[in-house]
Amino acid sequence: MSQATRHTFQTPSGITLSYLEWKPEAATAPVLLLHGMADHAGVWTDFAAGLNQRLGNGCHIIAPDLRGHGESDKPDIGYSFTDVIADLTALMADQHWPSAHILGHSWAGKMIAIWARQHPAQFRSLLLVDPAFINALPRWTKITFPLFYRILPFLKMLGPFDNKAAAEAQARQLKQYRDWTPLQQQVFEGAVEEKADGRWGSKFTILAREPMFDDVMRVPGFTQTVDVPALLIQPTQGINRTEGQLKPYKQFLSNLHICTLETSHWPFLTAPEEFEDAIATFLCQLS
């Protein structure tokens, strides 16, 4: 089984992205794994290794820390879907990937839906892991942003916390970390850092929070039919639960498969074996 290696890449706009790479000798299928808001590439460590084991080490996998996250640059501005898609298009070009299997979770799930309708030729498949708010939301919902900031589990780790123990105590109360498995602890460790004042908080920059939410609100995920083979992972405790929420996927994805998992919004952390099986089965069917 290949081990992850850490690399950096500078985009044409001057942003340095840090990314994890799994590249076995037999790898031929390019796979791009994209974390959600306030997460980091480390959420994919067990999944990427397991997927390659399942698929005979056939996948060349890259998982970047998106701008504003993890070890990547955190500019003062530039957190729109357009900015992030430009980063990733440049990263794929640097790898000489004309297309890839592209997976996105939550915020990144909506982002890749937009990317796929704009540039479908860059997608071998579209792997949607419980995307956030796939439709555009009414403008008035912007007044609810402060409420979202207080209640959304992935933003509760922004901090500041007086010390690392306090940050861990908060993490253990959240759905994505509740079992405190070795994987979940590893992801937590990669998500937080000590700040200049001695307190602790997320590596995700708060500068990205409002512009990312603003794009989620105003930009629709689908506006036209996308023919790319698509898999929607639908956790029963996730965001996309009702038939109304599923309607845009069924309306605009002409080659859609839905896999329902009895777990949370973070299936790769809370039901990793079932999640790996769902993705591996789908990719096998495409080969």
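A salt bridge is here a side-chain nitrogen of Lys or Arg within 4 Å of a carboxyl oxygen of Asp or Glu. In this predicted model, Lys-250 and Glu-243 form such a pair, with the closest N and O atoms 2.8 Å apart, and Lys-250 counts as partly exposed because its relative accessibility is 42%. Side chains of opposite charge can pair when their charged atoms come close. A search of the whole structure finds eleven salt bridges, and several of them serve as a way into the fold.

One of these pairs joins Asp-65 to Arg-6, and the closest N and O atoms are 3.0 Å apart. The two partners belong to distant parts of the chain, 59 residues apart, with Asp-65 in the loop between β4 (59-64) and α2, and Arg-6 in strand β1 (residues 5-10). Their surroundings can be described through accessibility: Asp-65 has a relative accessibility of 1% and so counts as buried, while Arg-6, with a relative accessible area of 42%, is partly exposed.

Glu-71 and Lys-203 form another salt bridge, in which the closest N and O atoms are 2.6 Å apart. This pair also links distant parts of the chain, for Glu-71 lies in the loop between β4 and α2, Lys-203 lies in the loop between β8 (200-202) and α7 (209-218), and the two are 132 residues apart. Glu-71 is partly exposed, with a relative accessible area of 47%, whereas Lys-203 is buried, its relative accessible area being 14%. Beyond these pairs, Asp-214, Asp-215 and Arg-218 are linked in a network of salt bridges.

From the charged pairs the reader can turn to the nonpolar interior. The largest nonpolar core has 92 residues, and those that touch the most other members are Leu-34, Trp-107, Met-111, Trp-115, Phe-275 and Ile-279. Helix α3 (residues 107-118) gives this core its largest share, eight residues. Met-111 shows what such packing looks like at the level of one side chain: leaving aside residues up to four places away in sequence, Met-111 touches Leu-34, Phe-81, Val-84, Ile-85 and Leu-88.

The backbone has some features that deserve a separate look. Gly-159 and Pro-160 are joined by a cis peptide bond, with omega at about 10°, and Pro-160 is placed in the loop between α4 (145-151) and α5 (164-171). Two residues that are not glycines have a positive phi, namely Ala-38, at about 75°, and His-96, at about 60°. Ala-38 lies in the loop between β3 (29-34) and α1 (45-54), and His-96 in the loop between α2 (81-94) and β5 (100-105). Is each of them buried or exposed? Ala-38 counts as buried because its relative accessibility of 9% falls under the 20% limit, whereas His-96 is exposed because its relative accessible area of 71% is over 50%.

Ala-38 also leads to the last feature of this description, a cavity. The structure holds one cavity of 30 Å³ or more, and the largest cavity has a volume of about 50 Å³. Which residues line the largest cavity? The lining consists of Ala-38, Asp-39, Phe-154, Met-157, Gln-176, Tyr-177 and Ala-191, and these residues divide into five nonpolar, one polar and one charged. Ala-38 is thus a residue with a positive phi, buried at 9% relative accessibility, and part of the cavity lining.

Methods. Residues are numbered from 1 along each chain as its sequence is written. This is a predicted model: local features need pLDDT of at least 70, side-chain atom pairs count only at pLDDT 80 or more; totals for chains, interfaces and linings use all residues. Side-chain values use heavy atoms; hydrogens and water are left out. A nonpolar core is a set of buried Ala, Val, Leu, Ile, Met, Phe, Trp, Tyr and Cys residues joined through side-chain atoms within 4.5 Å. Buried means under 20% relative accessible area, exposed over 50%, partly exposed in between (1.4 Å probe, protein chains only). Helices (H or I, at least four residues) and strands (E, at least two) are DSSP runs, numbered from the N terminus. Contact means heavy atoms within 4.5 Å. On a 1 Å grid over the protein atoms alone, a cavity is a set of points where a 1.4 Å probe fits but cannot get out, and a pocket is an open set with protein on both sides within 12 Å along at least five of seven lines; lining residues have an atom within 4 Å of a point. Grid points are joined across faces, edges and corners, and a volume is the space filled by probe spheres set on the points. Ala, Val, Leu, Ile, Met, Phe, Trp, Tyr, Cys and Pro count as nonpolar, Asp, Glu, Lys and Arg as charged, and the others, Gly among them, as polar.
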